Amino acid sequence: MAYIGMHMQQVRNNTRSLVLLALFPCIVLGMVWLFFYIRNNLGNDGYYSPDYLVTQSTDEWIQVMPWVVGIVAIWFLIAYLFNTSMVRRATGARPLERRENPRIYNIVENLCMSCGMDMPQINVVDDPQLNAFASGIDKGSYTVTVTTGICDRLNDDELEGVIAHELTHIRNKDTRLLIISIVFVGILSTVCTLAVRLLWNTFIYGGGSRRSNSREGGNGVAIIVVFAIAALLAALGYLFALLTRFAISRKREFMADAGGAEMSGKPWALANALRKISGDPGLQDVEREDVAQLYIIHPQALTGGFKSWFSGIFSTHPDTAERIRILEQF
């Protein structure tokens, strides 16, 4: 595989990723409007015309839209200000000082100078197994994190390939896009959770009144149906957003492999590093799936056994063997 057309491929993939990312607010706002429309249809029995229901639902949607946009904006602000500390806390990472490991600093500095990019922060996780990831959304927060295991068990060429892979994620703004997508999926996940809890509370605390009065019982059933629809809409929106986020991640891993091979000039070294990491991936104790998708290799993606095309849809990373095969063709 040649490097010819790599810049064009990066432009195309960035454009596709931005289009996919734009679907998230559309999904959120579309879910809200659809919920109002279905709610207004409950108990209608043909009394109101379809045009009236559309107008009524749209009016209600317009009223709550500023609140939805405001909540999303606040969520983004929190993520923008605290994403670095949240990732660090989730993984147990700490800043790596130059005197502690000058080898890592020299590799990062040389690669950054070779491609004319600013030096990111360097963090380390005390984990004897192997893994690495990049994070951050701007120059002040861009960070490359490595485990102690990957520092000790990879040679200089292999470690250079891994760090070049992570620097490519930063250069291509992958980390920014992924963190933004994580925020949107978190919002949809919260909506889904709240809808399910409301549905559950309706079942638990609404049962007595439904039995004591038939009219109240009818209202109780209607409320249950409304919340059931809300839970279904939230779940569907969350599923589509999740699939979109996974698609962004898979495409960009291939791009980062190619960019890392080009930056280091040693694709075979990156292939060897991926082979070693896949044999003993670290950071398995991190419980946050949204953080785990940043890793160069996702530990849970390497479980053996039956792998269908359906399970591949839900993978945040492409198949490691395929990544190695492509790198060895350079």
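In which helix is G279 found? I shall come to that residue in a moment; please bear in mind throughout that the model before you is predicted.

G279 belongs to helix α8, which covers residues 267–279. Is G279 buried or exposed? With a relative accessible area of 62%, G279 is exposed, since the threshold for that class is over 50%. Its relation to L130 also deserves a remark: the two are 149 residues apart in sequence, yet their C-alpha atoms are 8.8 Å apart in space.

Let me stay with α8 and turn to its packing. Two packed helices are described by the angle between their axes and the distance between the axes. Helix α5, residues 156–171, packs with α8 at an angle of about 90°, and the axes are 8 Å apart. The two helices are therefore roughly perpendicular. On the α5 side, the contact is made by D157, E158, G161, V162 and H165. On the α8 side, the contributing residues are W268, A269, L270, N272, A273, K276 and I277.

I move now to helix α3, residues 102–115. Its 14 residues, at 1.5 Å a residue, should span 20 Å, and the end C-alpha atoms are indeed 20 Å apart, so expectation and model agree. Which residues of α3 are buried? They are I104, Y105, I107, V108, L111 and C112. Viewed down the helix axis, these buried residues fall within an arc of 165°, and so they line one face of α3. The face turned away from that buried side carries M113 and S114, both exposed. After the helix comes G116, with a positive phi near 70°.

What, then, does the buried face of α3 meet? Leaving aside neighbours within four places in sequence, I163 is in contact with I104, I107, V108 and L111. I163 and I104 also appear together in the largest nonpolar core, which has 36 residues; there I104, I150, V162, I163 and L167 touch the most other members. Apart from that core lies another, of 21 residues, including L21, V87, F184 and I248. As background, nonpolar side chains tend to be buried together in soluble globular proteins.

Finally, I turn to S135, in strand β3, residues 132–135. S135 has a relative accessible area of 5%, and because the limit for a buried residue is under 20%, S135 counts as buried. Beyond its neighbours within four places in sequence, S135 is in contact with V87, S141, Y142, T143, T175 and L294. V87, as mentioned, is among the members of the 21-residue core.

Technical notes: Residues numbered from 1 in each chain as written. Predicted model: local features only at pLDDT ≥ 70, side-chain atom pairs only at ≥ 80, totals over all residues. Heavy atoms only, no water. Helix = DSSP H or I, 4+ residues; strand = E, 2+ residues; numbered from the N terminus. Expected span 1.5 Å × (residues − 1). Buried < 20%, exposed > 50% of the residue type's maximum accessible area, 1.4 Å probe, protein only. Arc of directions from axis to C-beta. Contact = heavy atoms within 4.5 Å. Core = buried A, V, L, I, M, F, W, Y, C linked by side-chain atoms within 4.5 Å. Axes fitted to C-alpha atoms, helices over the stretch in contact; angles between N-to-C directions. Parallel < 35°, antiparallel > 145°, perpendicular 65-115°, else oblique.
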